[in-house]
Amino acid sequence: MRQLIAGNWKMNLDTVACRTLAQAVKAMAANSRGELAVFPPSCYLPTVAECLRGSAVSWGAQNVHFEAKGAFTGEISASMLADLTCGYTIVGHSERRQLFGETDDQVNRKALALLAAGIQPIICVGETLQQREAGQTQDIVRSQMTGSLAKFTAEQLSQTVIAYEPVWAIGTGKTATPDQAQAVHADLRKWLEIRYNQTLASTVRILYGGSVKADNANDLLSQPDINGALVGGASLQASAFAAIAEAAKG
């Protein structure tokens, strides 16, 4: 399975910096056995799309609203993102869940809206440090999977990417060990097998996100059930993102 290396730029950069970084990612695609995708702030999507169009690099948004249109000030719809030719969009990122109170039901509705617009959702799940220390990791991530993938058909799941991102490892410098990450990924794949079937479960890409860096990428990406990385801070540095991209498995 070809791994996906996704760079979440979050609320960073400006027009010039986005253009420069997008061009650098475009250049590094030739040295990666994996697929590359970048997620700039929505206001810079046209700039990034212009730089990457015709290349092997995909682009997408960091969030979306589940309604098709209406009086939702500051929001952006799936059809608008499709108009910007986004290939993917992130939903349910831990920062959206923690800081903005995003629920599994909202994540589910956003993901379904994206699929209807022909965009692949990257659905994020993950536990807090308190939940991990209480031994609740499996219960939490399975519950998030159940809610976020409610009413998903097998066909819809086949067009979806899952990202496990432990909240305690995002922006903290802490990273789940390869064994810790693999254990959760294997359990998520087992959940998919039980809910759907083994064949489909084996083809869904499950990314790891949580302080992925150049020095730990190879060990993480070598785990059998880790199919790529959702990269935060390191994706803002071309050299660091290139090293992660080079660690990807084809």
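Strand 3 (residues 58-61) and strand 4 (residues 88-91) run parallel and are joined by two bridges, where strands are DSSP runs of E, at least two residues long, numbered from the N terminus, and two strands pair if DSSP finds at least two bridges between them. Within this pairing, A61 stands opposite T89 of strand 4. The model is predicted, with local features needing pLDDT of at least 70 and side-chain atom pairs counting only at pLDDT 80 or more, while totals for chains, interfaces and linings use all residues. Residues are numbered from 1 along each chain as its sequence is written, and side-chain values use heavy atoms, leaving out hydrogens and water.

**The barrel**
- Eight strands form a closed barrel in the order 1-2-3-4-5-6-7-8, with parallel pairing.
- Strand 5 and strand 6 pair in the parallel sense over four bridges, and C124 stands opposite A163 in strand 6.
- Strand 6 is also joined to strand 7, again in parallel, by three bridges, and here the bridge partner of A163 is L207.

**Strand 6 and the cores**
- In a regular strand the side chains alternate between the two faces of the sheet.
- Strand 6 is covered on both faces, with V161 and A163 on one side and I162 and Y164 on the other, all buried (under 20% relative accessible area, with a 1.4 Å probe and protein chains only).
- The largest nonpolar core, a set of buried Ala, Val, Leu, Ile, Met, Phe, Trp, Tyr and Cys residues joined through side-chain atoms within 4.5 Å, has 69 residues, and I162 is one of those with the most contacts inside it.
- A second, separate core of 12 residues includes F39, Y88, I90 and L230.

Methods. Buried means under 20% relative accessible area, exposed over 50%, partly exposed in between (1.4 Å probe, protein chains only).
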